[in-house]
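Trainee: I should like to understand the terms used for this model before I rely on them. May I ask, for each one, what justifies it?

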Amino acid sequence: MTPATPAYAHASPSDRWTPDSIPGQSGRLVVVTGANSGIGYVTARELARRGAHVVLACRSQERGREALERLRTEAPGARAELRLVDLADLTSVRRFADDWSHDRLDLLVNNAGIAMVPFSRTADGFESQFGVNHLGTFALTGLLMPHLLASPDPRVVTVSSEGQRFARFDMGNLDAERGYRPLFTYIQSKRANLYFATELQRRADAAGLRLRSMAVAPGLTRSNVLTGGANSTRGRAYGALMRLLLRSAFRPTPEGAKTSLYAATVPDLPGGSYVVPDGPFQLRGEPVLRGEPVLRSRERAVQDADTAHRLWALSERLTGVLHPVPAQAPSRD
């Protein structure tokens, strides 16, 4: 892993990177999870606009089909398809990987997730936020790894959150073993995403693989993650409050997708990068300046190889998915 030395890079506003800076993506095979709405949809659309063949990996057939039709309208001539996967069900995750029919996979964008939902369990009995946000992502990446390694330049982008900075990561309460607090559990699952992305890069480096693993934080972004899914049953007062909050404090969705698009497309971005918005607490601002990423290289999770290693071992045991990228245990010197 080659982390950046500075915490941030700065430049004049005129030099800022935008989605218009994305190079041609023709011939690239891409999977974006949770691509039916929000950041995932924008990520899929922009990659398709530039020539990538994009697979919208969605949980709902109806919402996925609507997103596919919308994408083809907004990006005429786009090469895109819909495939179903539910990260809350490891059987569905395995089916998605087993049914992969292309000769390789060049880019996997682990975007799908849920946030601060009422307590529930996944099909496999895991607390839903930990189960979907981390374990489902971990399993899908591992099962698709043979297809990624068949690519000449494989890349995995995992969407974490600026909220992970405030997590008190408790290995003894990842699955709500000692009680459930929606916000605490959410930011802990997003910390797990960052641990996973950085540990994947360590293992790829140790195995001499070409794979590059990136993590991103989108910043405060308008999407339906706080109002859709399980959160849609919380009543009118909750819905009205969340809609007001989204309009007043959160950025438009295309702004939030910038970090994912940057991590997915910049040719010389080093593996292990953590791309974030440039601003207070990584909440707002431009994601990249002067053609270089705004990186947080000093995050605790980026440096904490021991916890990442232990989480990896636990995740393999819970999901039954063994990644073909083994690594030695981190040094405790």
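Mentor: Let us begin with burial: a residue is buried if its relative accessible area is under 20%, exposed if over 50%, and partly exposed in between, with a 1.4 Å probe and protein chains only. The model is predicted: local features need pLDDT of at least 70 and side-chain atom pairs count only at pLDDT 80 or more, while totals for chains, interfaces and linings use all residues. Residues are numbered from 1 along each chain as its sequence is written, and side-chain values use heavy atoms, with hydrogens and water left out.

Trainee: Why is Thr185 counted as buried?

Mentor: Its relative accessibility is 5%. That value is under 20%, and therefore Thr185 counts as buried. Thr185 belongs to helix 5; helices (H or I, at least four residues) and strands (E, at least two) are DSSP runs, numbered from the N terminus.

Trainee: What does Thr185 touch?

Mentor: Leaving aside residues up to four places away in sequence, Thr185 touches Glu127, Gln129 and Tyr180, where contact means heavy atoms within 4.5 Å. Thr185 also lies 9.7 Å from Arg168, C-alpha to C-alpha, with their positions 17 residues apart in sequence.

Trainee: Why is Met116 called partly exposed, and why is Ala176 called buried?

Mentor: Met116 has a relative accessible area of 23%, which falls between the two limits, so Met116 is partly exposed. Ala176 stands at 13%, which is under the lower limit, so Ala176 is buried. Met116 lies in the loop between strand 4 and helix 4, and Ala176 in the loop between strand 5 and helix 5. Neither is a glycine, yet phi is positive in each: about 50 degrees for Met116 and near 60 degrees for Ala176.

Trainee: What makes Phe138 and Trp312 an edge-to-face aromatic pair?

Mentor: Rings of Phe, Tyr and Trp (its six-membered ring) pair if their centres lie within 6.5 Å; planes under 30 degrees apart are stacked, over 60 edge-to-face, and the rest tilted. The structure holds seven aromatic pairs. In the one formed by Phe138 and Trp312, the centres are 5.1 Å apart and the planes 80 degrees apart, so the rings pair and the arrangement is edge-to-face. This pair links distant parts of the chain, 174 residues apart: Phe138 is in helix 4 (residues 128-149) and Trp312 in helix 10 (residues 305-319). Phe138 is buried at 0%, and Trp312 is buried at 2%. Together with Phe196, these two residues form one aromatic cluster.

Trainee: What makes Phe169 and Tyr195 edge-to-face?

Mentor: Their centres are 4.9 Å apart and their planes 70 degrees apart; the angle is over 60 degrees, and therefore the pair is edge-to-face. Phe169 sits in the loop between strand 5 (155-159) and helix 5 (182-207), and Tyr195 in helix 5, so the pair ties together parts 26 residues apart in sequence. Phe169 and Tyr195 are buried.

Trainee: How do you know that Arg181 lies over the face of Phe184?

Mentor: The charge sits over a ring if NZ of Lys or CZ of Arg is within 6 Å of the ring centre and within 35 degrees of the ring normal. Arg181 lies over the face of Phe184 at 4.6 Å from the ring centre, which satisfies the distance limit.

Trainee: Why is strand 5 described as largely enclosed?

Mentor: Five of its five residues are buried, so the rest of the structure largely encloses strand 5. Arg155, Val157 and Val159 point one way, and Val156 and Thr158 the other.

Trainee: How do you know that strand 4 and strand 5 pair?

Mentor: Strands pair if DSSP finds at least two bridges between them. Strand 4 (residues 107-110) and strand 5 have four bridges, in the parallel sense, so they pair. Val156 is the bridge partner of Leu108. Strand 5 also runs parallel to strand 6 (residues 212-216), joined by five bridges, and Arg155 stands opposite Arg212 there.
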